[in-house]
Amino acid sequence: MATFFQEMKLAVDETERGHRKQLRQTVMAIYAGAMLMKHNQDSYDEFGLLPHWENKRQRPKADNQDRLLYFALRIVFPNDKASKYKTALQSYFDRDTSPQKVLLRVKKRGFENMASAARKAKKAETDGEVKRRPRRVTFLFRSPAEAKKQLTKIKVPGFRIRNLIQRGNTISGTLKIRRKHTCNTQNASN
């Protein structure tokens, strides 16, 4: 009886391997079709008119062609799977990487690992932008008089320098982001 279960496990493993291969081929065929559509606006417009998209809130339109890969995957896969495959493949799609090269990458790493790496890279990119944003700036001048003269000339669009502290010839301040809704009071009164 033990050999029966071992044989069943081997049969399931073989089916699983075949399933993964078929899945990779299907996803890569969709990727290749999306690549062709990416460079042909007429085919994208025709794709958006398919009956599948009727009564769908999210559907291909002229103003959302950047979501082409997701829509191509979405027509075949449920939302969560389409989103995962899109996350794994989007950076390659944006760079017009050939389907053959992407297939080799998928075989080597798998969709799950590629999607995870893409999410981590995006998070690191956005975290890096926040970490690089200066919070405190320091200026070095020859004298306090020169510092005051020079600081009045500094105009950084979108930022204000606040909380200036002077220690000898060094002046430091906090760089604050201006709010979008602030307006020039001189223009408002005219």
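Helices are taken here as DSSP runs of at least four residues, numbered from the N terminus. With that numbering in hand, the fold of this predicted model can be walked through from its helices to its pockets and its aromatic contacts. The protein chain holds 8 helices and 3 strands. Read along the sequence, these elements follow the pattern α-α-α-α-α-α-β-α-β-β-α. Of the 190 residues of the chain, 24% count as buried. Contacts between residues at least 6 apart in sequence include many that span a long stretch of chain, with 53% of them joining residues at least 24 apart.

A word on confidence is useful before any detail is read. The mean pLDDT of the protein chain is 76, and 65% of the residues score at least 70. Confidence is highest in helix H5 (residues 99-109), with a mean of 92, and lowest in helix H8 (residues 185-189), with a mean of 41. Over residues 180-190 the pLDDT stays under 50, and the model has 1 contact beyond four places in sequence for this segment. Where pLDDT is low, the predicted coordinates should not be read in detail.

Two pockets deserve a look. The largest pocket encloses about 340 Å³ of space. It is lined by 15 residues, and Thr 87, Gln 90, Ser 91, Ala 118 and Arg 119 are the closest to its centre. Helix H4 (79-94) and helix H6 (111-132) each supply at least two residues of this lining, and H4 gives the most, with 7 residues. Sorted by class, the lining of the largest pocket comprises 6 nonpolar, 3 polar and 6 charged residues.

The second largest pocket holds about 270 Å³ of space. Its lining also draws on 15 residues, with Arg 20, Leu 23, Gly 110, Phe 111 and Glu 112 nearest the centre. Helices H1 (2-38), H4, H5 and H6 each supply at least two residues of the lining of this pocket. The most comes from H1, with 5 residues. By class, 9 residues of the lining of the second largest pocket are charged, 4 are nonpolar and 2 are polar.

Aromatic side chains make up another theme of the model, which holds 6 aromatic pairs. In one of them, the ring centres of Tyr 31 and Phe 93 lie 5.8 Å apart with the planes at 75°, so this pair is edge-to-face. The pair links distant parts of the chain, as Tyr 31 belongs to helix H1 and Phe 93 to helix H4, 62 residues apart. Both Tyr 31 and Phe 93 are buried. Elsewhere, Phe 47, Trp 53, Tyr 70 and Phe 71 form one aromatic cluster.

Tyr 31 appears again in the surroundings of Thr 97, a residue of the loop between H4 and H5. Leaving aside residues up to four places away in sequence, Thr 97 touches Tyr 31, Met 35, Tyr 92 and Val 102. The relative accessibility of Thr 97 is 15%, and the residue therefore counts as buried, given that the cut-off for buried is under 20%.

The loop between H4 and H5 also contains Asp 96, and the backbone of this residue is worth a closer look. Asp 96 has a positive phi of about 55° although it is not a glycine. Most residues other than glycine have a negative phi. With a relative accessible area of 38%, Asp 96 is partly exposed. A positive phi, of about 60°, is also found at Asn 55, again a residue that is not a glycine. Asn 55 sits in the loop between helix H2 (41-48) and helix H3 (68-74). The relative accessible area of Asn 55 is 81%, so this residue is exposed, the cut-off being over 50%.

Helix H2 itself contains Asp 45. At 35% relative accessibility, Asp 45 counts as partly exposed. Asp 45 and Ala 62 are 17 residues apart in sequence, and their C-alpha atoms are 7.1 Å apart in space.

Terms used: Residues are numbered from 1 along each chain as its sequence is written. This is a predicted model: local features need pLDDT of at least 70, side-chain atom pairs count only at pLDDT 80 or more; totals for chains, interfaces and linings use all residues. Side-chain values use heavy atoms; hydrogens and water are left out. pLDDT is the predictor's confidence in each residue, from 0 to 100. Contact means heavy atoms within 4.5 Å. On a 1 Å grid over the protein atoms alone, a cavity is a set of points where a 1.4 Å probe fits but cannot get out, and a pocket is an open set with protein on both sides within 12 Å along at least five of seven lines; lining residues have an atom within 4 Å of a point. Grid points are joined across faces, edges and corners, and a volume is the space filled by probe spheres set on the points. Ala, Val, Leu, Ile, Met, Phe, Trp, Tyr, Cys and Pro count as nonpolar, Asp, Glu, Lys and Arg as charged, and the others, Gly among them, as polar. Buried means under 20% relative accessible area, exposed over 50%, partly exposed in between (1.4 Å probe, protein chains only). Rings of Phe, Tyr and Trp (its six-membered ring) pair if their centres lie within 6.5 Å; planes under 30 degrees apart count as stacked, over 60 as edge-to-face and the rest as tilted.
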